[in-house]
Amino acid sequence: MPSLLFRNARLLTLALPGQTGPRRGKALRELGVLPHGEVLVADGKIAAVAEKVDAPADAELIDAAGRVLMPGFVDCHTHACWAGDRLDEWEKKLNGVPYLDILKAGGGIYATVRAVREATQKQLAASLRERLTEMLRGGTTTVEVKSGYGLNTEAELKMLRAIRRAASDWSGTVVATALLGHATEGDVEDYSRMVTKEMLAEVSREFPDIAVDAFCEKEAWTVEACVRFFEKARKHHPIRVHTDQFNSLGMIPEAIRLHARSVDHLEAASKNDLTALAESNTFGVVLPCTGLHTDQRFAKAGFFADRGGALALATNCNPGSSPTHSMPLAIALAVRFCGLLPAEAIVAATYNPAQLLGLTDRGSIEVGKRADLLLLRHKDERQLAYELGGNPVDVVVCGGARVQ
Ligand code: NIG
């Protein structure tokens, strides 16, 4: 792979020497700007970062002409593996039928479960692969993808294998999560006991390091079912939880107690719970594209950030509540509706989610880190938050190779 040299760039290094772990408080606003910098990429990694760097004579030169060079986006919460569509129910939603009513009537997540069960592993992998290609164009170089539309062991494993297959020839990085508690088949108590006893063991056997997830909500899993499942799962797996999307049922304190890696959604979270979460080691993940598409409710991410919370921002790409894979859109909405500053949204879309996913080799432009880089069309990074609906990304470098 030839070396690459970026010249004349406004560098957002996100480097804070000596700091480890997630960025919180003031550090969440630090972009580590080098106004006129150069970056040398060699062997898939960042080889040099400075105002002037020495480069081999055969390095491919990219003149940034003063534009912003920054780390690739890390989208840490998606349901990007699915089949079918939800256009009919979207029309119902436009006519005022709430998300949870559609779910209660057997639509929503269940509609996608039916389509996923009918699809082959190959079809699931192919459609996910198309979405991954689109994500890369928008600057997403690392993405988390959940299962959760299987609802039985066979179909959950089919989804996880499809995710692995789609990831295998993509130049970015896919981190799979086993969302084994997304909804229920029949009584939630019986179903969650089956998942905890049987499905978890099967998934653990084939995917021993995978994170597991559940949706704590009316019409989905109760706090008790989640706690029982996570108490068992956390012996071998990192745990994540969807909670406080529509209702605050008391899952946040339990997630903190269980040392969950993250709690995701938080639109309905109380200030007390957000404060407790901010003081813990658990990440808060906010998903503002969901508010835009579903019901115009947004998490108080600024409040959480101001209390020192470990914050991440993601698209929640899925066919029901957030049909988008655009991290720039998530940034633009987080700044408008969640109370974040553009710089906070940028750190929450790059460095912090990489930490959440346990990928400490990326998320900043520092020597030795994986070269996942974006050259924007813009000279001012605030344009990322300002522009709506366009693609601000010009050049994408992934694992050291120019892919766009
Ligand atoms: O995070 N809320 C639960 N899961 C997804 C929605 C999935 C769907 O509607 O298909 C979410 O919003």
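## Exercises on strands and helices

In strand β14, Leu 374 is the bridge partner of Met 70. The model is predicted.

**Exercise 1.** Find out how strand β14 is paired and whether its faces are covered or not.

*Solution.*
Step 1. Start with strand β5 (residues 68-71). Three bridges join β5 to β14, and the two run antiparallel.
Step 2. Go on to strand β15 (residues 393-398). Four bridges link β14 with β15, again in the antiparallel sense. Here Leu 373 has Val 397 of β15 as its bridge partner.
Step 3. Recall a rule: in a regular strand, side chains alternate between the two faces of the sheet.
Step 4. Apply the rule to β14 (residues 373-376). Leu 373 and Leu 375 lie on one side, Leu 374 and Leu 376 on the other. These leucines are all buried, and both faces of β14 are covered.

**Exercise 2.** Trace the chain from β10 to β12 and give the handedness of each crossover.

*Solution.*
Step 1. Pair β10 (residues 239-243) with β11 (residues 262-265). They are parallel, over four bridges. Val 241 stands opposite Val 263 of β11.
Step 2. Add helix α8 (residues 251-257). β10, α8 and β11 form a right-handed β-α-β unit.
Step 3. From β11, follow the chain through helix α9 (residues 271-278) to β12; this β-α-β crossover is right-handed.
Step 4. Check the pairing of β11 with β12 (residues 283-286). Three bridges join them, and they run parallel. Ser 262 has Phe 283 of β12 as its bridge partner.

**Exercise 3.** Describe how helix α4 packs against helix α5.

*Solution.*
Step 1. Locate the helices: α4 spans residues 121-137 and α5 spans residues 153-168.
Step 2. Read the geometry. The angle is about 45 degrees, and the axes are 8 Å apart.
Step 3. Classify the angle. It makes α4 oblique to α5.
Step 4. Give the hand: the crossing of α4 and α5 is right-handed.
Step 5. List some contact residues. Among them are Leu 124, Leu 128 and Leu 132 of α4, and Met 159, Ala 162 and Ile 163 of α5.

**Exercise 4.** Is Ala 214 buried or exposed? Which residues does Ala 214 touch?

*Solution.*
Step 1. Place Ala 214: it is in strand β9 (residues 211-216).
Step 2. Use the cut-off: buried means under 20% relative accessible area. Ala 214 has 0% relative accessibility, so Ala 214 counts as buried.
Step 3. Look at the neighbours. Leaving out residues up to four places away in sequence, Ala 214 touches several residues, including Leu 179, Trp 221, Phe 229, Phe 230 and Val 241.

How values were computed: Residues numbered from 1 in each chain as written. Predicted model: local features only at pLDDT ≥ 70, side-chain atom pairs only at ≥ 80, totals over all residues. Heavy atoms only, no water. Pairing = 2+ DSSP bridges. Right-handed = clockwise from strand over helix to strand, strands pointing away. Buried < 20%, exposed > 50% of the residue type's maximum accessible area, 1.4 Å probe, protein only. Axes fitted to C-alpha atoms, helices over the stretch in contact; angles between N-to-C directions. Parallel < 35°, antiparallel > 145°, perpendicular 65-115°, else oblique. Left-handed = near helix turned anticlockwise from the far one by under 90°. Contact = heavy atoms within 4.5 Å.
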